[in-house]
Structure formats: C-alpha cells, structure tokens
Amino acid sequence: MNKCWLVCAECRKQIPLALIGRCDCGGTLLVEYDLERAKHRLNSVPLSQRVTSLWRYSDMLPIQDEDKIVSLGEGWTPLLRMPNLEQFLNIHSISVKREEQNPSGSFKARGFSVAVSLLHERGIKKVTVPSNGNAASALAAYAARANMESYLFVPKDCPGLIVEESGNYGAHVYLVDGFIHDAGRIIEEGREAEGWFNVGTLKEPGRVEGKKTMGYEIAEQLNWQLPDVIIYPTGGGSGVIGLWKAFHEMKGLGLVSGEFPRIVSVQEEGCTPIVDAFLNVNESACLNKEVTSAPTGLRVPQPPDGSLIVRILRKVNGEVVAVTKEEITAAQQMMGRLGISSSPEGASTLAGLIKLVEAGSISSHESVVMFNTSHAMKYLDWTNALPYPIIRSYDEFVSKR
Ligand SMILES: *Cc1c(COP(=O)(O)O)cnc(C)c1O
Ligand SMILES: [Zn+2]
C-alpha cells in the first residue's frame, strides 16, 4: 500500500484520490504515487516473494485497505516466445502475452479487479458498465466476488456466449440497439435514479491502473529489458494509457532504463478512430464516420480520450495499423495452428505484425510483444466463419477409410 493522488494528464493539476475520471478542464485523471516509498517497499519485500497475481505490484496500485482487494487470480499471465513465428517473419524475438488466461477469459479482468476493489473500499453496491462484451463479463465476475449487483449494457450483436457468461455470474444484462457509446448514454440517463456507479472506460482511475500491470509484468518477465515493439489491439485505449504509465513509473522506480517500446495500435477496418486521428494529424478527430466492423472490443467509435492515446503513440514513436476482417481471420487460424486460442482482437495483433514486417517498420534484430487479449471460444461466430468444417462426423471418417 502506498500514498497516491490524482493528476490531470492535460493541466497537471493534482487532487486527492477519488472515483472520478475527468478534471474540470476535461483532461483524464491518472493516479500518481510516492515513488520513494514504493522503492523502499520493493527493496524490503522482493517481487520474488510476492503473490503471483497483478497484486504483486500493490505498492503501485491505489488500494489503501488490503482486506478490500477483490481478486480472482488475475494477471501474472505467461509471456510465451513464438519460435515458429520468429523464423517465419525473420524477427529476432516475438512473444505473446497470454491475456486470454485471465479470469473471465480476457485482460479486462485486470482493470476490473482494481476498479472493483476501489469501489468495494468505498462500500459501493450497484455497478454498471457499457461494453462490447468482455468488460461486461469481467465486471460481472468481480461484482459477484464482492457481493455487488451488476447491470450490464451491451450492443445487441455482442457475442452471445459473453452475454450468457455474464448471466452465469448473476449479472443483469441488457441488449442495446446501437453501439457502446449508445449503451453509455442509456446508462447515464438512468444512473442517478438507479444508484449505479458507472465503471465505464476512464470514468474512474482503477481500470487504467489494473491494465498498467501488463507493462510491469512484461518488464519483469523480460528481466527488466523492455521490448522494442508492443502491438496492442486498441478499442477504448485504456491499455495504451496503462502501458505508457507503467513505463514512466518503472523508469522513476529505477527498474528500467533506455527508450520506451514503440506501441503500435491495431484496429479493424470499419472502425478506426485512433488510426484516423493519428494519420490525419488532427488529434481531436476521434469520431469515426460509418461503423462497419465486427462486434468486438475493437469497435469503439468514440474513444473517451482519443487525443491522449494519439499523444502517447507519438511520444513513444509508435504507429497505427488497420487490418481487415479477412486478415484477422487468417491470423486467428495461424495462431490456432501455433497452439494459441486467440480472439479476433488478439489475432489482430498478428495481422498487424505481418503488415508492419511487410512495410519494413520492424527490423530483424528487434523484439516484439503481442497482446492476446482474449480467447477464440467467446467468438464462435468467427470460428464458424472458417472456410472449412471444423467438426466432421465419425460416420464420415469411417466411410472414407
Ligand atoms: C476491450 C478489449 C480490447 C481493447 O482494449 P482497450 O484497452 O480498451 O483499447 C482488446 N481486446 C479485447 C479482447 C477486449 O475485450
Ligand atoms: Zn486538467
């Protein structure tokens, strides 16, 4: 446990820690910590002696009361080298961060473990979130663990298995005729009357803090040598903010040195607000025109703070890549044949990597980390779209023999 407060990413104003996401100036509020105190604690209790969940970095997380931590064993996921891919793409080192192994089957668990812990500390009992699916089921799981009621609002084309999964955690799930921002609007209309706390992207500081632990983990797993390139499937973008924040903090703590990794944001064609804003130089243009992409975590037409994400991508010499549904499907099959179950979002990082290598943006001596943010099983619609039948009958097998 450490001392912390909020600071505005725009005007740098500091205020005490609170469950708010926006400064008066409109900027995103992020948590800052007493680094000296964290250094001291890291020296007195070495990481090797700590829990194997993201809570091993609790000195750099905003919870004050250890008893209020709401954990289902999230984080500390494997970082797996991919020798076949390294050979195929002629890149020195490629690793996959296996985020699909988190509770509720996606990396959304990280953000909600920290956010729900903050809410639990303050006695909040009713929570809500607008989501494309995984944020909803993660909130449902952590709310169940903390004995809270959850109200989830998802687009009606959200993968059906994620809706069922959320119901299994005891959540109230509502299907919305529209996109994630329409779900967000419906929540805001009912929030006060219903007494809900909205845990939507950047509405409170916990979710970014949870996601930043991905940055700490890859650093620790790579023996405090940061990779050259990180490929991140981007929707609302809180993971980009979290990774960048982790690099800054780790530098301040003396854990890492040198250049920050180049973060590459991958989005699917048909909903590319971050890609467009980055390429147009017009950073406020984070409103996409017509949305035609698939219902996945990448489909966020109006990211809450796109300009901060674009600024971060520029600061780290990052890049953006748009990939098609066909490219994602091909990458998903390639991941499958390498033994990794990967969701469309997770597979989009491989589709993006292939494009970057073709464009010469990554040189062969560099190291790359891709985030496999969820597994294939939640998205059977995609799996069913495979150009060959997955399941054949035993009779067919016998008749061919
Ligand atoms: C939410 C989500 C993303 C996008 O993450 P952000 O940090 O919100 O940009 C990517 N992949 C999956 C599986 C997700 O659920
Ligand atoms: Zn401000």
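These exercises, each with a worked solution, concern a predicted model of a protein with a ligand.

**Exercise 1.** Determine which residues are closest to ligand 1, and how the shell around ligand 1 divides by residue character.

*Solution.* Begin with the shell as a whole: ligand 1 is surrounded by 16 residues, and the closest are Lys108, Lys211, Tyr232, Gly235 and Gly237. Then sort the shell by character, which gives three nonpolar, 10 polar and three charged residues.

**Exercise 2.** Find the polar atoms of the protein that lie within 3.5 Å of an N or O atom of ligand 1, taking Lys211, Gly239 and Thr373 in turn.

*Solution.* Start with Lys211, where an N or O atom of the side chain is 2.7 Å from an oxygen atom of ligand 1. Continue with Gly239, which has a polar backbone atom 2.9 Å from an oxygen atom of ligand 1. Finish with Thr373, whose side chain places an N or O atom 2.7 Å from a nitrogen atom of the ligand. Turning from single contacts to area, the protein covers 96% of the 380 Å² of accessible area that ligand 1 has on its own. As for the elements involved, strand S10 (229-233) and helix H8 (238-252) are those that give two or more residues to the shell.

**Exercise 3.** Decide whether Asp182 is buried or exposed, and state which backbone atom its side chain reaches.

*Solution.* First locate Asp182, which lies in helix H6, residues 180-194. Next apply the cut-off, under 20% relative accessible area for a buried residue: Asp182 has 15% relative accessibility, and therefore counts as buried. Lastly, follow the side chain of Asp182, which reaches the backbone nitrogen of Phe179 at 2.6 Å.

Technical notes
Residues are numbered from 1 along each chain as its sequence is written. Chains are lettered from A and ligands numbered from 1 in the order in which they are written. This is a predicted model: local features need pLDDT of at least 70, side-chain atom pairs count only at pLDDT 80 or more; totals for chains, interfaces and linings use all residues. Side-chain values use heavy atoms; hydrogens and water are left out. A residue is near a molecule or strand if one of its heavy atoms lies within 4 Å of it. A polar contact is a pair of N or O atoms within 3.5 Å; within protein, one must be able to donate a hydrogen and the other to accept it, and residues adjacent in sequence count only if both atoms are side-chain atoms. Accessible areas come from the Shrake-Rupley method with a 1.4 Å probe; for residues, only the protein chains shown count as cover. Helices (H or I, at least four residues) and strands (E, at least two) are DSSP runs, numbered from the N terminus. Ala, Val, Leu, Ile, Met, Phe, Trp, Tyr, Cys and Pro count as nonpolar, Asp, Glu, Lys and Arg as charged, and the others, Gly among them, as polar. Buried means under 20% relative accessible area, exposed over 50%, partly exposed in between (1.4 Å probe, protein chains only).
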